[in-house]
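Visitor: I have a model open and would like to talk it through with you. Could you put it up here before we begin?

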Protein chains: 2
Amino acid sequence: MASDLEIARAAELRPIAAVAARAGIPDAALEPYGKFKAKVSLDFVRAQAGAKQGALVLVTGINPTPAGEGKTTTTIGLGDALNAAGTRTMVCLREPSLGPCFGVKGGATGGGHAQVAPMEEINLHFTGDFHAITSANNLLSAMVDNHLYWGNEAGLDPRRVTWRRALDMNDRALRQIVASLGGVGNGSPREEGFDITVASEVMAVFCLARDLADLQARLGRMVVGARRDGTLVTARDIKADGAMAVLLRDALAPNLVQTLEGNPALVHGGPFANIAHGCNSLIATRLGLSLADVVVTEAGFGADLGGEKFCDIKARIGGIAPSVCVVVVTVRALKMHGGVAKSALGVEDVAAVGRGVVNLARHVENMGKFGVPVVVALNRFTSDTDAEIAAVQRAMETLGTEAVLCTHWSDGGAGAADLAQAVLARIGRGRFAPLYPDDLGLAEKIGVIAREIYRAGSVSFTHAAEVKLARFAQQGFAHLPVCIAKTQSSFSSDPTLLGAPEGHVLTVRDVRLAAGAGFVVAICGDIMTMPGLPRHPAAETIALDSDGLIQGLF
Amino acid sequence: MASDLEIARAAELRPIAAVAARAGIPDAALEPYGKFKAKVSLDFVRAQAGAKQGALVLVTGINPTPAGEGKTTTTIGLGDALNAAGTRTMVCLREPSLGPCFGVKGGATGGGHAQVAPMEEINLHFTGDFHAITSANNLLSAMVDNHLYWGNEAGLDPRRVTWRRALDMNDRALRQIVASLGGVGNGSPREEGFDITVASEVMAVFCLARDLADLQARLGRMVVGARRDGTLVTARDIKADGAMAVLLRDALAPNLVQTLEGNPALVHGGPFANIAHGCNSLIATRLGLSLADVVVTEAGFGADLGGEKFCDIKARIGGIAPSVCVVVVTVRALKMHGGVAKSALGVEDVAAVGRGVVNLARHVENMGKFGVPVVVALNRFTSDTDAEIAAVQRAMETLGTEAVLCTHWSDGGAGAADLAQAVLARIGRGRFAPLYPDDLGLAEKIGVIAREIYRAGSVSFTHAAEVKLARFAQQGFAHLPVCIAKTQSSFSSDPTLLGAPEGHVLTVRDVRLAAGAGFVVAICGDIMTMPGLPRHPAAETIALDSDGLIQGLF
C-alpha cells in the first residue's frame, strides 16, 4: 500500500493561481510562496467583507483514542465530495506545528487520498507563520526583560511576570529555566520557561483577530505580569504591541493550498485545543465563507473540547455560525471506549462497540445543544465488520441521527459522497446559538459547560482559582468566554474514564487570563505546554537522500 | 530629503520573473515568494555548475567608525553602474538579521538610491532562511538534551556540552541560563545559553556549503561537546544531521531580489564577521558567477576582518577568486580615524583626514597582498570639502591606487559610473592567492594574519588556547583555516587604537573549533554573540498604521 508521502508525491498539483481562480480569488490578490502555496492578500480579505456568506460545516470527533478517528481526512474528503457534487466548497484547517514532526513520525495534512498538498512544505516551515508568531512572542519577552533591565518604568513586579518565551520545538529542557544569569550586564536572574509556539497566547490572538487593527489591539491587551499592587501590566504598557503586529503582518494573510483533488484549502493558524480554542484563524474561515457556498472546517480534539470552543469562543467572537456539525468516529475507537486494548482492535467485538458507542452518542447529543443538526461520519477501516458498523448505525438511528459510512482515505472525495449529501440535506435546518450568554459570571460559565457538556455532578474550585476569578471579574473581564483546559481523552478530567462518565467532579485548579485572545482559561488537570521528544525521536532517521528528497519524515 | 523607506516605497519594482529572465534564470527555476522575491531552485544551481565564470569584485572597507562608510550602498551602486555600462552584473549580499531591527532604528538593505527591494520584507522575515537556521540549531539542542535525558548512549559529558541554542533576537536575558530545571521529567539542570542566530555555526555551515550533500555532511561534523576522555561528540553522533538538513533544504536555495534600478541581486545567508567569516552564502556567489559577467559582493566589517576572511576562508573553501577589491571609505570616517569627534565631523579638517588616511592606506596595501588590484571608493557626503577629498586622492596616488568619488546614495548607479570604469579596467590584472597555505600550523596561520594584516609585533596565546590548538591539531583539524574574532574598530584587538597601529600584541584568549563550518576561531577580545536592546529600543515606536503600513522601522 502506498504511504501518505508516496500518494502526495504522485499527485499532479495545479498551479496555485488556477486553484485560486476557481475559488474566486483573482491573481492580484495572491502572494505566491513557491508554485503551490500562496497567501491571499488582506486587501482582498477586507474587500470581501460584505460578500454573501456560505454555510459553515464544523467537523469534530469523539474523545480521541490511540486508534485514531480521522477528523482531518474527513474534513478534506468531505470538501472534495462537496466540490465533486457541484457545491463550491473550501476546507479550512489548522497549520501543523513543526515541533511534533521530529518527535513521532507523521504529519498533520490528512492521509491517504484525503490530503492537502504540498504536504512536506505545509508540515515544515510552510509560509513562515509560526516562525513569525514565535518571533513576536519572543520580542515581547525580550522587551519585558529589557524593561526590567533599564529601570522598570512600568513598575512590573519581577516576581509576577507571567509572560513566557516560545519555540516551535519539542524541548523539555526549556520548560523551566533561570534566565538573566551572569551578572549586571545580563540583568537579574529570574525564573522563566518556554512553551511550544502553538500554546502561546500570540497564536490564539492571531487566530481570533478580525483584521490587522484588531490584531494590534489584542496584542496590546495581552497581560505580561502584574505590579506589586496586583494591577496588570500589558504588552501595550511595555510598548511591544506595534512591533509585534509588524512581525505578524504578512503572516495574517491566509494561506491557500489545495487538496489532492485540486480543490482549494485555507490552512492558517493552529492554537492548542486545551489552553486555547483549537481551530484555524478566524480570518481564513471568514474568507472561505465569503467565497464558497460551503466551508468545511475542523476543531481540535473531541467535541467536548474543540467543538464546544469553536461554538462558544470562535463563533461568538467572530460572528459566525456553524450550519451543520459532523462528528467523526471509527469502529476501532469506539471499541477502545468499550474497553478493548489497542492490540486487540483487529478482532470483531460488537459488544465492545455497543459499550463504546455511548461516547459518540453523548457528543452527538451535546452538539445538538448548540442548535445545529448533527451527522456522524463513520470513517471505515478495512478491519471493520458489517455487524460492528450496523451496531453504530442502529445506535445513531435511535438518536435520530444518521451515521454515514466514509472511505475517503482510500477513495478520496468519492468515498465521502454520501456524507456530502447528508450534510447538504441538513444545511438551513438548525439555528445556532452558543451555550451561554456573555453576561453570565465566569464561574457560572464553567458550570454550564461542566454540566451540559461534561455531565459533571459538580464543579470544585481551588481557593486560588476562586480568588483569581473574582479578581478577573473586578478587573472587567467577567464578560469573556471561558476556555477549559482538560484532558482530551475523557469527558471528565480523568483521562482513564472512557465512554460516557457522568456525575464526576470537575476540579478547576487554576485560572488564567488571556486578555488579548479574549477568554479566561480554566485549568482542570495537568496540561503540557512544552512537549518532550521520545527516546528515539523520528528526527534520528530523517535525512536528505542523494537527490535531495526528504526521507523518514512521514 | 526623502527617507530610505520613502525612496523604497516610491520605486516601481519589476515582477521578479522579469528580473530573473534578464539575469538568465528561467521561470521554471523560480520559487516565487510574493511578487518581488524568489528562490532560485537548487536544481538550476546544480545545472549551472559547469558554466563560464564571471569576474568577482569584493567590496570591503576601512575599520568601521560611528560615521559609517557605506559598503552596502557602494556594492549596490557599483552593481547598478556596471549594469548601466552594459556589463551583466549581479550583486551578492548578506541577509539582514531580524534581531537588530528592533534595537536601533534602521535596516540593512542599503540606503538612498542604492537599495535592494522590497526593503521591509528583506529586513523582516524575508524568505524565512534565518528562521530555518534557528530551527535547525535548536533541534540539535533539543536532541542533545533529549540524548542526555534518555540515558546518554553517546557518552557525552554533560559538563562539556558546547552547543548553544539560538534565537534571531536581541535578548540579553538568554545569554546565560540554567535549563532543565523542575525535576526528573525535565532532565538534569545544566548551564546553557542562547546566541543570536547569525552567530550560530549552522549559519556559517549554511554559507559555506557547496550543495545539499555538503550541507548535510558539514552539519554532521559539527561538534556538540566532548566525552570524559576528551573525544568529540558530533551532531552526527546525536543523529541530528539529517533532520537539520531537512529543515534547511528549501532555505539553501538562493534568494533573488532587485536593486531600485531593477537589476538582479542575490541576498542569501549572513554570518557574523567576527566569530564567523561574514559574507553571504557560497551558493549564491557561485550562482551569480555562473550567470553574470561580474559579481559584486560585500564582506563584513573592515578589510582586516571580512576582507581577509573572504579571501582566506570563503574563497579557499569555495574555489572562487576575487578579481578586483574595492575599499570603501568616507572623508568623515577618516576624520574619526584622525581623532575628530563625531559631533565635529561637519567642520573641514584636512589635517585630520591626513592623519586618518593611514588606516585606508594600510587596508589598500593589505588587500594587495592577496594579489588583487585595489580601487578605493570614496563615498561622498555633502559636507566633504574639495580639499579633504583631494587629501585622500593624493594619498592614494602615492600608493599607486585610484580613489574614485562616488555619489550612488543620492544618484543611484549613475553616481558610481566612474567607479565601475575603474573596476572594469582592473579585471584580469591580478592573480589571487590566499595569505597562507593549508598545511601551515594553526598557531602559525594566526601569526601570518597578525603580522601581515594586523601588523602586530607579536602574538601571545593563553595557556588554555595553546593546549586547545595542540588538541585540535592532534584531532586532525590542523589543515583548517583560522577565523579571528576581534574588534572591528581597530587593526589591533584594542578598539580605541584607531588609524594604523603597529607593533601591538595580539592576545589569543581562547580558540574554538567550528568543525562543520571548517575553520578554527581564535578569540582575541570580548565578542558578544547575543546583543541586548537599548534603553528605548526602536521596537517601542514601531507599529502598523491604519492602512496596515509599517511605521518607525526605518
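Visitor: What share of the contacts in chain A between residues at least 6 apart in sequence join residues at least 24 apart?
Guide: This is a predicted model, and in chain A 76% of the contacts between residues at least 6 apart in sequence join residues that are at least 24 apart.

Visitor: And how many helices and strands are there in chain A?
Guide: Chain A has 19 helices and 26 strands as its secondary structure, and 64% of its 554 residues count as buried.

Visitor: What radius of gyration does chain A have, against what a compact globule would have?
Guide: Chain A comes out at 23 Å, which agrees with the value near 24 Å that a compact globule of 554 residues would have. Taken along the principal axes, the box filled by the C-alpha atoms of chain A is roughly 70 × 55 × 50 Å.

Visitor: Switching to the dimer contact, how many residues does each chain put in?
Guide: Chain A contributes 68 residues and chain B contributes 68 residues, and between them the two chains bury about 6100 Å², with 61% of that area on carbon and sulfur atoms.

Visitor: What about polar contacts and salt bridges across it?
Guide: Between chain A and chain B there are 35 residue pairs in polar contact, counting pairs with both residues at pLDDT 80 or more, and the interface has 4 salt bridges by the rule used. One of the salt bridges is formed by the side chains of A:Asp171 and B:Arg165, at 2.9 Å from N to O.

Visitor: Which elements of chain A give two or more residues to the side that touches chain B?
Guide: They are strand 1 (30-32), helix 7 (129-149), strand 8 (165-167), strand 9 (177-179), helix 9 (212-221), helix 10 (241-248) and strand 25 (543-544) of chain A. Helix 7 of chain A gives the most to that side, with 10 residues. By residue class, the side of chain A that touches chain B divides into 37 nonpolar, 16 polar and 15 charged residues.

Visitor: Helix 10 of chain A caught my eye, so is it enclosed or open?
Guide: Helix 10 of chain A is largely enclosed by the rest of the structure, because 8 of its 8 residues are buried. The buried residues are A:Asp241, A:Gly242, A:Ala243, A:Met244, A:Ala245, A:Val246, A:Leu247 and A:Leu248.

Visitor: What do those buried residues of helix 10 pack against?
Guide: Within chain A they pack against helix 7, helix 8 (201-208) and helix 9, and in chain B they pack against helix 5 (98-101), strand 25 (543-544) and strand 26 (550-551).

Visitor: Where does A:Ala179 sit, and is it buried or exposed?
Guide: A:Ala179 lies in strand 9 of chain A, and at 2% relative accessibility A:Ala179 counts as buried. Leaving aside neighbours within four places in sequence, A:Ala179 is in contact with A:Ser188, A:Pro189, A:Arg190 and A:Glu192, and also with B:Ala173, B:Gln176 and B:Ile177.

Visitor: How far is A:Ala179 from A:Leu248?
Guide: Their C-alpha atoms are separated by 26 Å, and the two residues are 69 residues apart along the chain.

Visitor: New topic, backbone geometry: which residues does a cis peptide bond join?
Guide: In chain A a cis peptide bond joins A:Ala117 and A:Pro118, with omega about 5 degrees, and in chain B a cis peptide bond joins B:Ala117 and B:Pro118, again with omega about 5 degrees. A:Pro118 is in the loop between strand 6 (114-117) and helix 6 (119-123) of chain A, while B:Pro118 is in the loop between strand 6 (114-117) and helix 6 (119-123) of chain B.

Visitor: Which residues other than glycine have a positive phi?
Guide: Among them are A:Phe126, with phi of about 50 degrees, and A:Asn152, with phi near 60 degrees. A:Phe126 is in the loop between helix 6 and helix 7 of chain A and is buried, with a relative accessible area of 7%. A:Asn152 lies in the loop between helix 7 and strand 7 (156-161) of chain A.

Visitor: Last one: where is A:Thr87, and what is it in contact with?
Guide: A:Thr87 is in the loop between helix 4 (71-84) and strand 4 (89-93) of chain A, and at 12% relative accessibility A:Thr87 counts as buried. Neighbours within four places in sequence aside, A:Thr87 is in contact with A:Leu82, A:Asp293, A:Val294 and A:Leu424.

Technical notes:
Residues numbered from 1 in each chain as written. Chains lettered and ligands numbered in written order. Heavy atoms only, no water. Contact = heavy atoms within 4.5 Å. Buried area = accessible area lost by both parts, 1.4 Å probe. Polar contact = N/O pair within 3.5 Å; in protein donor to acceptor, adjacent residues only side chain to side chain. Helix = DSSP H or I, 4+ residues; strand = E, 2+ residues; numbered from the N terminus. Nonpolar A, V, L, I, M, F, W, Y, C, P; charged D, E, K, R; others polar. Rg over C-alpha atoms; globule rule 2.2 N^0.38 Å. Buried < 20%, exposed > 50% of the residue type's maximum accessible area, 1.4 Å probe, protein only.
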